[in-house]
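Please walk me through this model in the viewer, one selection at a time. I would like to know what to select and what is there.

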Amino acid sequence: MRFLIDLQCCQSGSRFGGIGRYSIELAKAMIRNSPEYEHLILLNDRNPEAELIVRRELRDLVPPHAFRICHLPPGSMYLFDNGKTTEAAEYVRSEFIKALKPDVLHVASLFEGLGDEIATFVDADWPFVKAITLYDLIPLKQAEQYLRDPRATKHYLGKVANLKEADVLLAISEYTAQEGLDSLDLKDTIVENIAGGIDDKFFLDKTTCNEHKLTIKKLGIRKKFILYTASFDLRKNQKGLIEAYAKLPANIRKQYNLVIAGKGWPEAYQNLRNLAQQLNVAQENIIFTGHVTDEELLALYKCCDLFVFPPLWEGLGMPPLEAMACGSPAIGSNTTSVPEVIGWPEATFDPFSVTDISEKMLKALTDTHFRQALLDHAKKHVLNFTWDNSAQRALSAIRRAVDAKTLSPVKLAPTQAIPFSADLIPAAALSMALNEVEIDANETMAKKVKIGWVTSWGNRCGIASYSKNLLSHYDSSTVVFGQDLDDAAIEWTTENPLFRSITHSKTSDVTRLINSVIESGVTDLVIQFNYGFYNFDELNRLVSTLSDNGTRLYITLHSTKDDQQLAGHRLIDISETLSLCERIFVHNDIDVVRLKQLGFIKNVKQVPIGIPNFNHALKAPKSEALNKIPTVACYGFFLPHKGLPEIIEAASILKMSGTDIKLKLVNAEYIGAQGISAKLIKSCKDLAQKLGVEDRVEFLTEYLEEHESALVLQTADIIALPYQHTGESSSAAAHLAIATHRALCVTPLSIFDDLKGATFRFDGVRPADLAAGLERTLQHLRNQSDETKEIMRHAGRLRSNQSYENVAKFFAAEIYKASQSSRWTSVFRASLAALPVKEAKHITNGIKAKPEGGIVCHGPYASFEPGTYKLKAYSQNTPDNKDAVQVDIRYNSGQNLIDSFSWNPTANLDKIFTISEKISDLEILIHANPGTDFILTGYEILARS
């Protein structure tokens, strides 16, 4: 059964609040609890940055090709043109969904699209089951407060009417379920209270407040505190809470800050500060943290002395449960859904009474018996709220609807006349054409293109093995452009055309590679990048030349950490290369952050490194019993940063404390690098002898192929990767370790972030940290603890979803989409007569610079979305205009510079630049030097789609 989850709400403003968090966590749990279904995730193309975040959240649960990106016409937010473009977007999305042929569509949030480019309409004629999460109908009940704008009213009431087309409404509380039944005049719709769950990061976290003191201090909190976290909405009642705080005795206020967390805006904060001042509450007593990260939220929950939840109306309200799960006492309102969340009448108050709120706060802070009762109640009550429970309720209701739909099938109605304005047909048609490509790309491998792959083929390195694993899932027409073999390399047998065309080094010349690619007829070239592979000037030449030749280019960045000491060898030095690439593939979260800082968002795709499948070669998974003497294996090349001396010392520490282990170092000698590896092997053998553990350390330093390594690693109880530091983005060794079905323990470095949840973690990188971590992990394995079971389940999901086969499908789909849809489209053509001029004058065929030089022209002060653009400019070619002119691209009234460069006007200008945020006043300034005979005859700006 194909189960489509529409998570566009996680691309809108809702992603910052409760709806976004609820939607992601429910989606995760539904996927976990229905492994028999094919799960697809529906997003749109209007917010690629948020798309990356959603992919990251779900990467452990679905393969990378499970996402379906619906292209919507620009301007589809309702307020843009009173819903005119929204209608076109809804039609485009409807056709896209029908083409996906789901059995179930779950819309995580219907009430979207007022101020965001989101389309969420549900069509009554769709023949599949339609489920919608119902959060509340508060604006319907409080229309005088929420529906003052006629446009917002029309949009909201349209969504309310659309709720009635759902087969299933998944209410987040009993209160909301009853509100839906009372307000919507439903007929056959199933209304199910699925409640909500507490995220595992609150349930399972074992840290104490002391471990979060630094985070608390960074938030400006210097003493004990009362906490409230919510969005800034009148019904959230921050005002009432501040008034109640002001009524607390002065000695209590002196002891406790009031901390209010949540994403507000300057006016909201100032109004509440003014209120506090009127109530004689010192400004330093109330702290507004703004939006907090998950880490900061956890710290606040762990360290608060009391959590207070005072909303006037609420659909559910998860924060009190999260605070309870973190061990903090919580009190809350006695209205709407909040009593379900609090779970004990004695812990509630009347949110409309400032006195009642204040008295309950005082009691919770000063009455030790009441406070202990709150804590005892919390421990039991939170067990009723898990995402798995919510998901199972949701899936049960959906299955009932599927059974009913099967008994009474609905025929798909024929497509009606286009239900939107004719002037939007071009934009809608383009979106639908791109959506056809999206559908096709995920139904077939990229067979309409000829792919080339530049890699270190055959050499002993992780990138070579990575490439080999991926290419094994493509047909033999893929052309491999390998580097020249080093002395230790093995010529892999392959049916693929293979050209040895480059020497990977910082002094390499790319001429042979350019010629090989052009002669091969490759249409799409994927380049594997590591800092040591290329001279960056040569890499820029490679990409520029091949792009001019019509080759579509892609690059996989296996590292994005610049060495600040190497000028001319940083990512910013290949920014034009990155701009010319159809896709920039990266592996880790930090890579996305670094590229965003350089202005790259739209063409960035985060993809797992891939996990090999050794099921045919490995023995059946071993029993839960450990080896008589527990065995710990390490894997990778024998290099200084791998932490091998440190883990030998850790073995010695364990031996002295009475824990005996065997170390099996499956670490091949790295040939080259001035013999560093051979010297390290000798020093580690000497160290083992010095520490008296030489009989417990086995050195396997010959190079083994991956499947051979896996067989050796499988004999261990734990695979440890005690890396000390690294500039790499992801670890192929860690992914291979996951493939062996063994417990994996890693140091707390970002290189392992993509495997969180599937690994045990050392607390640090020192020998003592490693020893303590191994002891702890062995204890978990002996006891088959819940943590062990969850880690191993998580690793199993990774083996399924992040297999090289699935990663290869994702690459193929992205290449196909780029091959069918990538183009430069003119988005602005200058009307020279309308451009402002300074030291120049308008003439018949353009703008002519004055002899004294200066700014020839400026403008056009136009709006542009984030993306990659090309400036093309033309001049009249006269014999005397060889002097370069200066071109600046600016915005924000000229204060922000995007790019600045020289242009020799004897040739047309063709310059790529990147815009990293939406801007409204792009300016092109062209400066001529004194005495330059320069005539500008035109320019245009093209966008890359």
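Select Arg151 and Asp149 and show their side chains: the two form a salt bridge, with the closest N and O atoms 3.2 Å apart. The model is a predicted one. With the surface switched on, Arg151 is partly exposed because its relative accessibility, 34%, lies between the 20% and 50% limits. Asp149 is likewise partly exposed, at 30%. A count of such pairs over the model gives 49 salt bridges.

Go next to Arg766 and Asp769. Their side chains meet in a salt bridge, 3.1 Å from N to O. Which partner is buried and which is exposed? Arg766 is exposed, with 52% relative accessible area, and Asp769 is buried, at 14%.

For a third pair, select Glu940 and Arg829, whose side chains form a salt bridge at 3.2 Å, N to O. This pair links distant parts of the chain: Glu940 belongs to strand β37 (residues 935–944) and Arg829 to strand β27 (residues 824–829), and the two residues are 111 residues apart. Glu940 is buried, with a relative accessible area of 8%, while Arg829 is exposed, at 58%.

Then display Asp233, Arg235, Lys236 and Glu314 together. Salt bridges with shared partners join these four residues into one network.

Now colour helix α8, residues 174–183. Its buried residues are Thr176, Ala177, Glu179 and Gly180. Why do they lie on the same side of α8? Around the helix axis they cover an arc of only 160°, so they share one side of α8. To see what the buried residues of α8 pack against, add β5 (129–134), α5 (138–141), β6 (168–171) and β7 (190–193). Just after α8, stop at Asp185, which takes a positive phi of about 50°.

Select helix α4 (residues 84–100) together with helix α20 (residues 425–441). They pack at an angle of about 20°, and their axes are 10 Å apart. Because angles under 35 degrees count as roughly parallel, α4 and α20 are roughly parallel to each other. Their crossing is right-handed. To view the contact, show Tyr91, Val92, Glu95, Phe96, Ala99 and Leu100 on α4, which meet Ala428, Ser431, Met432, Asn435, Glu438 and Ile439 on α20.

A second helix pair is α11 (residues 238–246) with α13 (residues 266–278). Here the packing angle is about 25° and the axes are 10 Å apart, so α11 and α13 are also roughly parallel to each other. The crossing of α11 past α13 is right-handed. In this contact, Gln238, Lys239, Ile242 and Glu243 come from α11, and Leu272, Leu275 and Ala276 from α13.

Finish at helix α29, residues 732–739. How many of its eight residues are buried? Seven are, and the helix is mostly covered. The buried residues are Ala733, Ala734, His735, Leu736, Ala737, Ile738 and Ala739. Add the elements that the buried residues of α29 pack against: the strands β21 (631–637), β24 (718–721) and β25 (743–746), and the helices α28 (706–713) and α31 (786–801).

Technical notes
Residues are numbered from 1 along each chain as its sequence is written. This is a predicted model: local features need pLDDT of at least 70, side-chain atom pairs count only at pLDDT 80 or more; totals for chains, interfaces and linings use all residues. Side-chain values use heavy atoms; hydrogens and water are left out. Buried means under 20% relative accessible area, exposed over 50%, partly exposed in between (1.4 Å probe, protein chains only). Helices (H or I, at least four residues) and strands (E, at least two) are DSSP runs, numbered from the N terminus. The arc is that of the directions from the helix axis to the C-beta atoms. Contact means heavy atoms within 4.5 Å. Axes are lines fitted to C-alpha atoms, for helices over the stretch in contact, and angles run from 0 to 180 degrees between N-to-C directions. Angles under 35 degrees count as roughly parallel, over 145 as roughly antiparallel, 65 to 115 as roughly perpendicular and the rest as oblique. A crossing is left-handed if the near helix is turned anticlockwise from the far one by less than a right angle, and right-handed if clockwise.
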